[in-house]
Amino acid sequence: MSLTNLYADHIQRLGERYAAIMNAVAEGGEKYDGIVFHAGSEILYHADDQPVPFKPVFHFSRWAPLKGSDHLLVYQPGKTPRLLQVVPRDYWYEAPARVEHPYPDVLEVEEVE
């Protein structure tokens, strides 16, 4: 089985689990259209322009294996998960290198600044 197929199966299973959770919550009276997972935000050391080493939030990482901060993943039952990948375009930031992973083939990816 290829990595793309394994990853697609992983995403399908996550979707099934979160859909079941959302259905259970809806039975309790709270209905939601979806869930947004945030990778987390980078912070700087006090009075310095150096960042604290960043590690994405686990709940985001299990959906998308991306380094870097502020990415979002939107999960809505019955739809392809949508990844908003932050790619800053300015003098100070280098665009991330292409990751050898099938996430662009499985998720709906949109790059945002």
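Mentor: Two strands count as paired if DSSP finds at least two bridges between them. Keep that in mind for this model, which is predicted.

Trainee: What makes β3 and β4 a pair, and in which sense do they run?

Mentor: β3 and β4 are joined by five bridges, and the cut-off is at least two, so they pair. The sense is parallel. One spot to click on is L84, which stands opposite E110 in β4.

Trainee: How do you know that β2 and β3 are paired, and what is their sense?

Mentor: Three bridges join β2 to β3, and at least two are needed, so that is a pair as well. These two run antiparallel. V74 has R82 in β3 as its bridge partner. The two strands make a hairpin with six residues between them, and G78 in that turn has a positive phi of about 85°.

Trainee: And what about β1 and β2, in what sense do they pair?

Mentor: Antiparallel, over four bridges. Look at F37, which stands opposite L73 in β2.

Trainee: Why is the pairing in this sheet called mixed?

Mentor: Strands of a sheet can pair either parallel or antiparallel. Here β1 and β2 are antiparallel, β2 and β3 are antiparallel, but β3 and β4 are parallel. The whole thing is an open sheet of four strands in the order β1-β2-β3-β4.

Trainee: What makes β1 and β4 edge strands?

Mentor: Each of them pairs on one side only. While you're rotating the sheet, its twist averages 20° from one strand to the next. α1 packs on that sheet, where it touches β1 and β2, and its direction makes about 65° with that of β2.

Trainee: Why is β3 described as largely enclosed?

Mentor: Four of the five residues in β3, which spans residues 82-86, are buried, so the rest of the structure largely encloses this strand.

Trainee: How do you know that α1 has the span expected of a helix?

Mentor: α1 has 25 residues, and the expected span is 1.5 Å times one less than that number. That gives an expected 36 Å, and α1 reaches 36 Å from its first C-alpha to its last. Just after α1, G29 takes a positive phi of about 105°.

Trainee: Which residues of α1 are buried, and what do they pack against?

Mentor: The buried ones are Y7, I11, L14, G15, Y18, A19 and M22. They pack against β1, α2, β2 and α3.

Trainee: Is R17 buried or exposed, and how do you know?

Mentor: R17 is in helix α1 too, but its relative accessible area is 52%. Exposed means over 50%, so R17 makes the cut.

Trainee: What about A47, buried or exposed?

Mentor: A47 is in the loop between β1 and α2. Its relative accessibility is 76%, and the cut-off is over 50%, so A47 is exposed. A47 and A19 are 28 residues apart in sequence, and their C-alpha atoms are 44 Å apart.

Trainee: Then what makes H71 buried?

Mentor: H71 has a relative accessible area of 3%, and buried means under 20%, so H71 qualifies. You'll find H71 in the loop between α2 and β2.

Trainee: How do you know that the side chain of H71 makes a polar contact with K67?

Mentor: A polar atom of the H71 side chain lies 2.9 Å from the backbone oxygen of K67, and the distance limit is within 3.5 Å. Beyond its sequence neighbours within four places, H71 is in contact with F37, H38, A39, F60, L66, L84, Q85 and V86.

Trainee: What makes up the largest nonpolar core?

Mentor: That core has 18 residues, and F60, W63, L73, Y75, L83 and L107 have the most contacts inside it. α1, β2 and α3 are the elements that give two or more residues to it, and the largest share, six residues, comes from α1. As for F60, leaving aside neighbours within four places in sequence, its contacts are F37, H38, A39, L66, H71, L72, L73 and L83.

Trainee: And how many helices and strands does the protein chain have?

Mentor: Three helices and four strands, running α-β-α-β-β-α-β from the N terminus on. Of the 113 residues in the chain, 27% are buried.

Technical notes
Residues numbered from 1 in each chain as written. Predicted model: local features only at pLDDT ≥ 70, side-chain atom pairs only at ≥ 80, totals over all residues. Heavy atoms only, no water. Core = buried A, V, L, I, M, F, W, Y, C linked by side-chain atoms within 4.5 Å. Buried < 20%, exposed > 50% of the residue type's maximum accessible area, 1.4 Å probe, protein only. Contact = heavy atoms within 4.5 Å. Axes fitted to C-alpha atoms, helices over the stretch in contact; angles between N-to-C directions. Polar contact = N/O pair within 3.5 Å; in protein donor to acceptor, adjacent residues only side chain to side chain.
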